[in-house]
Amino acid sequence: MFEAMLLICLVADTSDCAVFEDIRGPYETIGQCNDRAAEMTIEVMNDPNLKKFVVSGARCDRISGVKT
């Protein structure tokens, strides 16, 4: 199983970042997780309340202790 997350940073100061974790997952395959990470990226980019942020990275991590 995999979980999606994004690293978002302030446009004005890219050293000021936060991690957004997905609340829908986990996902059975890495492909499903990558699709969700892409969807989350689009949501952040289109949210007018988050215009001062930029998505600096997206990743999917294997959940330890859960067989895939």
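Aspartate 22 counts as buried in this predicted model, because its relative accessibility of 15% falls under the 20% limit for that class. The residue is found in the loop between S2 and H1. Leaving aside residues up to four places away in sequence, aspartate 22 touches Ala4, Tyr27, Arg36 and Met40. Two polar contacts can be described for its side chain. One joins the side chain of aspartate 22 to that of tyrosine 27, at 2.6 Å. In the other, the side chain of aspartate 22 reaches the backbone nitrogen of arginine 24 at 3.1 Å.

Aspartate 22 also takes part in a salt bridge, in which its side chain meets that of arginine 36 with an N to O distance of 2.9 Å. This pair links distant parts of the chain: aspartate 22 belongs to the loop between strand S2 (17-21) and H1, arginine 36 belongs to helix H1, and the two are 14 residues apart. Both partners of this bridge are buried. For arginine 36, the relative accessible area is 8%, which means that the residue is classed as buried.

From arginine 36 the reader can proceed to glutamate 43. These two residues form a salt bridge whose closest N and O atoms are 3.5 Å apart. Glutamate 43 has 38% relative accessibility and therefore counts as partly exposed, since that class lies between the 20% and 50% limits. Glutamate 43 forms a salt bridge with arginine 24 as well, the closest N and O atoms being 3.8 Å apart. Here too, distant parts of the chain are linked: arginine 24 lies in the loop between S2 and H1, glutamate 43 lies in helix H1, and 19 residues separate them in sequence.

How do these individual pairs fit together, and which residues do the shared partners join into one network? The network consists of Asp22, Arg24, Arg36, Glu39 and Glu43, joined by salt bridges that share partners. In the whole structure, a search finds six salt bridges. The protein chain carries 7 positive and 11 negative side chains, and the centres of the two sets lie 3 Å apart.

The loop between S2 and H1 contains a further feature of the backbone. Glycine 25 and proline 26 are joined by a cis peptide bond, with omega at about 10°. Most peptide bonds are trans. Proline 26 itself is found in the loop between S2 and H1.

Beyond this loop comes helix H1, which comprises residues 30-46. Isoleucine 30 lies in this helix and is partly exposed, because its relative accessible area is 40%. Apart from neighbours within four places in sequence, isoleucine 30 is in contact with Phe2 and Cys60. Its C-alpha atom is 18 Å from that of phenylalanine 20, and the two residues are 10 apart in sequence.

Threonine 41 also has its place in helix H1. Is this residue buried or exposed? Threonine 41 is buried, because its relative accessible area is 17%, under the limit of 20%. A polar atom of its side chain lies 2.9 Å from the backbone oxygen of alanine 37. When residues up to four places away in sequence are not counted, threonine 41 touches Leu6, Val55 and Ala58.

Methionine 45, another residue in helix H1, is exposed, because its relative accessible area of 53% is over the 50% limit. The C-alpha atoms of methionine 45 and arginine 59 are separated by 16 Å, and the residues are 14 apart along the chain.

These details can now be placed within the whole chain. The protein chain has one helix and three strands, and these follow the pattern β-β-α-β along the sequence. Its C-alpha atoms fill a box of roughly 40 × 20 × 15 Å along the principal axes. The chain has 68 residues, of which 24% count as buried; aspartate 22, arginine 36 and threonine 41 are among the buried residues. The accessible surface comes to about 4700 Å², and 53% of this area belongs to carbon and sulfur atoms. Of the contacts between residues at least 6 apart in sequence, 65% join residues at least 24 apart.

Technical notes: Residues are numbered from 1 along each chain as its sequence is written. This is a predicted model: local features need pLDDT of at least 70, side-chain atom pairs count only at pLDDT 80 or more; totals for chains, interfaces and linings use all residues. Side-chain values use heavy atoms; hydrogens and water are left out. Helices (H or I, at least four residues) and strands (E, at least two) are DSSP runs, numbered from the N terminus. Buried means under 20% relative accessible area, exposed over 50%, partly exposed in between (1.4 Å probe, protein chains only). A polar contact is a pair of N or O atoms within 3.5 Å; within protein, one must be able to donate a hydrogen and the other to accept it, and residues adjacent in sequence count only if both atoms are side-chain atoms. Contact means heavy atoms within 4.5 Å. Accessible areas come from the Shrake-Rupley method with a 1.4 Å probe; for residues, only the protein chains shown count as cover. Lys and Arg count as positive and Asp and Glu as negative; His and the chain ends are not counted. The place of a charge is taken as NZ of Lys, CZ of Arg, CG of Asp or CD of Glu. A salt bridge is a side-chain nitrogen of Lys or Arg within 4 Å of a carboxyl oxygen of Asp or Glu.
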